[in-house]
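Here's a quick walk through a fold, from the overall layout down to a few individual residues. Have a look at the model first, then read on.

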Amino acid sequence: MGDKISLIRLPLLLILIFYLGKLIGGALGMPYEAGAQVFGMVPLTIHLCLIWGALSRPVYGLSVGNAVIACVLIALFAQILIFGTTVLSYLIGWDTHFSNPVAILRAARDVPFGEAVIQRAIGLVVNCVLAAVAGLIGRALGGFIAAPAK
């Protein structure tokens with residue numbers, strides 16, 4: 001597992017930067033819509049999984065299964081940040097982009113805590129599956145990447 005984590009340090013760092021940007025931007029009054037456009041963590045995750053899936057064979061020499069695991073770990077990291085910050089936001093009454101009703105339900109209505117947790121849990125599972133699919137698509141497209149010279 002540690003070897004997979006070391007392979008995905010850059011994607012994890014990029015997700016963390018987007019997370020902090022979204023968190024700080026929200027705290028400074030950036031509207032949710034602007035934060036979602038600039039610091040969209042789910043689109044970033046999908047892009048990273050496409051790229052890491054493509055790089056998995058020619059650069060890292062990973063099997064298909066290990067490439068998918070790496071992509072799921074990328075998504076899991078992002079989703080844990082989203083889920084955890086949503087729960088924390090509700091528990092301490094902190095209005096963040098992660099507790100915004102549009103972020104949770106794509107609707108502008110009050111979202112009770114229980115419903116928010118359920119929606120975020122569903123998002124965690126769905127986004128990990130999407131990451132696996134994106135990793136497989138990237139893996140299939142990886143044939144267009146030349147292997148590094150030795």
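Seven helices and zero strands: that's the whole secondary structure of this protein. Read from the N terminus, the elements go α-α-α-α-α-α-α. Keep in mind as you look around that this is a predicted model. Taken along the principal axes, the C-alpha atoms fill a box of roughly 55 × 25 × 25 Å. The protein has 150 residues, and 41% of them are buried.

**The pocket**

Start with the largest pocket, which holds about 470 Å³ of space. Its lining counts 19 residues, and those nearest the centre are Tyr 32, Val 42, Ala 103, Arg 106 and Arg 120. Which helices contribute at least two residues each to this lining? They are helix 3, helix 4 (41–55), helix 5 (64–92), helix 6 (101–105) and helix 7 (113–141). Helix 7 gives the largest share, with four residues. As for chemistry, the lining of the largest pocket splits into ten nonpolar, six polar and three charged residues.

Arg 106 deserves a second look. Besides being among the residues nearest the centre of the largest pocket, Arg 106 sits in the loop between helix 6 and helix 7. Its phi is positive, about 60°, even though Arg 106 is not a glycine. For context, most residues other than glycine have a negative phi. Is Arg 106 buried or exposed? With a relative accessibility of 66%, Arg 106 is above the 50% cut-off, so it counts as exposed.

**The cavity**

Now for the enclosed space. Searching the whole structure for cavities of 30 Å³ or more turns up one. The largest cavity contains about 30 Å³ of space. Around it you'll find Leu 7, Ile 8, Trp 52, Ser 56, Tyr 60, Leu 62 and Ala 70. What sort of residues make up that lining? Six are nonpolar, one is polar and no charged residue takes part.

Tyr 60, from the lining of the largest cavity, also makes a handy reference point for Ala 134. The two are 74 residues apart in sequence, and their C-alpha atoms are 17 Å apart in space. Ala 134 belongs to helix 7. Its relative accessibility is 5%, which is under the 20% cut-off, so Ala 134 counts as buried.

**The nonpolar patch**

Over on the surface, a nonpolar patch is made up of Leu 10, Leu 13, Leu 16, Ile 17, Leu 20, Ile 24 and Leu 28. Together these residues have about 650 Å² of accessible area. Leu 16, one of the patch members, is in helix 2. The C-alpha atoms of Leu 16 and Gly 61 are separated by 26 Å, with their positions 45 residues apart along the chain. Leu 28, also part of the patch, lies in the loop that runs between helix 2 (9–27) and helix 3 (32–38).

Helix 2 also carries Leu 14. From the C-alpha of Leu 14 to that of Arg 139 is 21 Å, and the two residues are 125 apart along the chain.

Here's how these three leucines score for accessibility:

| Residue | Relative accessible area | Class |
|---|---|---|
| Leu 14 | 27% | partly exposed |
| Leu 16 | 32% | partly exposed |
| Leu 28 | 71% | exposed |

Patch members need over 30% relative accessible area. Leu 14, at 27%, falls short of that cut-off, so Leu 14 is not in the patch. Leu 16 has 32%, so it clears the cut-off.

**The salt bridge**

How many salt bridges does the structure hold? There is one. It joins the side chains of Glu 115 and Arg 109, with an N to O distance of 2.7 Å. Where do the partners stand on accessibility? Glu 115 has a relative accessible area of 24%, which makes it partly exposed. Arg 109 is partly exposed as well, with a relative accessible area of 39%.

To wrap up, come back to the overall picture: seven helices and zero strands, one salt bridge, and a largest pocket of about 470 Å³.

How values were computed
Residues are numbered from 1 along each chain as its sequence is written. This is a predicted model: local features need pLDDT of at least 70, side-chain atom pairs count only at pLDDT 80 or more; totals for chains, interfaces and linings use all residues. Side-chain values use heavy atoms; hydrogens and water are left out. On a 1 Å grid over the protein atoms alone, a cavity is a set of points where a 1.4 Å probe fits but cannot get out, and a pocket is an open set with protein on both sides within 12 Å along at least five of seven lines; lining residues have an atom within 4 Å of a point. Grid points are joined across faces, edges and corners, and a volume is the space filled by probe spheres set on the points. Ala, Val, Leu, Ile, Met, Phe, Trp, Tyr, Cys and Pro count as nonpolar, Asp, Glu, Lys and Arg as charged, and the others, Gly among them, as polar. Patches are made of residues with over 30% relative accessible area and no salt bridge: like charges are joined within 9 Å, nonpolar side chains (Val, Leu, Ile, Met, Phe, Trp, Tyr) within 5 Å. Accessible areas come from the Shrake-Rupley method with a 1.4 Å probe; for residues, only the protein chains shown count as cover. A salt bridge is a side-chain nitrogen of Lys or Arg within 4 Å of a carboxyl oxygen of Asp or Glu. Buried means under 20% relative accessible area, exposed over 50%, partly exposed in between (1.4 Å probe, protein chains only).
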